[in-house]
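Dear colleague,

Please find below the structure that I am handing over to you, together with its sequence. A summary of what was found in it follows.

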Amino acid sequence: MALSTLERTRSYHEDLEHFETALIQLLQDEHRTHRKNLIQAHHVNMIVDKMIDRYAKLDDIYTDADGSRKDEITAMGLQGQALFTQFYDKLGEIKNYHRKYPDLLPERPEAESMLADAMSEEPSMPVTFSGGEGFGRYLDLDPFFQRYNNLKGVTPLEYWQYVETAFYFISNAVRDETYLKYVQDIKEYLVSFIQRTQPLYLGLKELQQQTETIFNEVWEKQTFVPLGRRHAERHLTGTRYLLPWETTNYDSMAVDGSKFYCAACDKIFQKDTVFKAHMTSKKHEKTYEKYAPVCKEICHLELFISRLWTEVLPQTVQLTKENIQKKLARQGDDESDGSEDELDIGDLDAEEPEVRLTKRFYPVGWDGNPIPYWLYRLHGLGIEYVCEICGNTSYWGRRVFEKHFSDWRHAHGMKCLGLENTKEFFEITKIQDALDLAKKLKAQKSQEKTRAEVIEEYEDPDGNVLDKK
């Protein structure tokens, strides 16, 4: 049964009163733990969203763009027989509706059900967190750390070094489409993390608009200074990537005082004359057309990420760094030698497989922390895999061994051999095996091409069947 405009107006105002009451009761319930405070903030945010939705609907009703509210109020002012006719027509509609649905029960106000859920012993949580995020206490940057070490031009870092320096954007990474996708994903993750951990924070959209306005201003004036140059002196390093308008300023493009660098083509030139000739070539112009918008988007994203890092998430960043330091301290403590906990190797059974132990005699997992022995045996962490392509690097356990084929070290080793790191070379660890397989694949490809020419047959006008040749 369709409600009248005035009835919907009354219903929305009633909902707003219920939501306000629920909001007051919810905020009066004080919590001391981070988990409960975060759940409470999300439920408050959901109630506020419902209230905003009701206010928007009331605004549409009071605006009365289609004139339905005015017509309904006018109809209520009828007199005589017309008034009674309208009244009994509405009464008939209500009776017919309840006659059709006799088992209808009164609906519970939405605010009450939301409040009951929020005040229960196990309230629902509308968002999820990864294990590394610690229910919103820390940032989980491990996926981006892995991608960073695989970027072209960067020096691989440890995780703690990455968290300390990567968001100053001072690395020598090549600013290409891969790097653009990397910073885009970081920006999306940080925005998502803020929305999940600070649901009542309202300054995110304003910060984004403000950053975009400031960036466009300085970019058009060609006065923008990349973040890597701002922090170069502080961290005793610098970036070699350049801004699009600097392609005409040859002096500013010198690298190490004697070389000249083209950021668009990612090439270094020893002589000034060769460099200037390259800058006027058609190949450079075509590459530059693609580089300029990518460079602008990268600089914009780096500026926005830096502001999120320093203005919105400083406490979380500090907690993340402290958490990493604690893990490293525990790991170092476990791996350090202790005279009171020394193990007599002669007491071990010679038939038992080798087990890598900490000073407390626990087997070591993938992350260097102690794990139960049955789990150690289940995952085969006592089995050593040596990869000759990676420089005879040892990998313990099947999982780590399989994962290393997509890591930067193995990809670099394959590149040094002049081979592409494709799926055909999965589980190939010997250099000679890789070269033999590449030779075999090349021969098969050539044979398939020749076979395709033989298989294709044609018929001449006389009915003779001939090969493609």
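Please note at the outset that this is a predicted model.

I begin with a pair of strands. Glu384 stands opposite Trp396, a residue of strand 5. Strand 4, residues 384-387, and strand 5, residues 393-396, run antiparallel and are joined by four bridges. Together strand 4 and strand 5 form a hairpin, with five residues between them. Within that turn, Gly391 has a positive phi of about 85 degrees. Asn392 also lies in the loop between strand 4 and strand 5, and its phi is near 60 degrees, a positive value in a residue other than glycine. As to its surroundings, Asn392 counts as exposed because its relative accessible area is 53%, and the threshold for that class is over 50%.

A positive phi also occurs elsewhere in the chain. Asp64, likewise a residue other than glycine, has a positive phi near 55 degrees. Its place is in the loop between helix 2 (34-63) and helix 3 (68-76). Is Asp64 buried or exposed? With a relative accessible area of 18%, Asp64 is buried, since the limit for that class is under 20%. For context, most residues other than glycine have a negative phi.

The next site centres on Glu133, which is found in the loop between helix 5 (110-119) and helix 6 (142-149). Glu133 is buried, its relative accessible area being 2%. Which residues does Glu133 touch, leaving aside those up to four places away in sequence? They are Tyr138, Asp140, Tyr189, Phe193 and Arg196. With Arg196 there is, in addition, a polar contact of 3.0 Å between the two side chains, that of Glu133 and that of Arg196.

Finally, I draw your attention to the surface. A nonpolar patch is formed there by Leu78, Leu83, Phe84, Phe87 and Tyr88, and together these residues have about 510 Å² of accessible area. One of them, Phe84, belongs to helix 4, which spans residues 81-100. Phe84 has a relative accessibility of 48% and therefore counts as partly exposed; the exposed class requires over 50%.

When you open the model, you may wish to view the hairpin of strand 4 and strand 5, then the side chains of Glu133 and Arg196, and lastly the nonpolar patch that includes Phe84.

With kind regards

Definitions and conventions: Residues numbered from 1 in each chain as written. Predicted model: local features only at pLDDT ≥ 70, side-chain atom pairs only at ≥ 80, totals over all residues. Heavy atoms only, no water. Helix = DSSP H or I, 4+ residues; strand = E, 2+ residues; numbered from the N terminus. Buried < 20%, exposed > 50% of the residue type's maximum accessible area, 1.4 Å probe, protein only. Polar contact = N/O pair within 3.5 Å; in protein donor to acceptor, adjacent residues only side chain to side chain. Contact = heavy atoms within 4.5 Å. Pairing = 2+ DSSP bridges. Patch = residues over 30% accessible without salt bridge, like charges linked within 9 Å, V, L, I, M, F, W, Y side chains within 5 Å. Areas by Shrake-Rupley, 256 points an atom, 1.4 Å probe, with all protein chains shown as cover. Salt bridge = Lys/Arg side-chain N within 4 Å of Asp/Glu carboxyl O.
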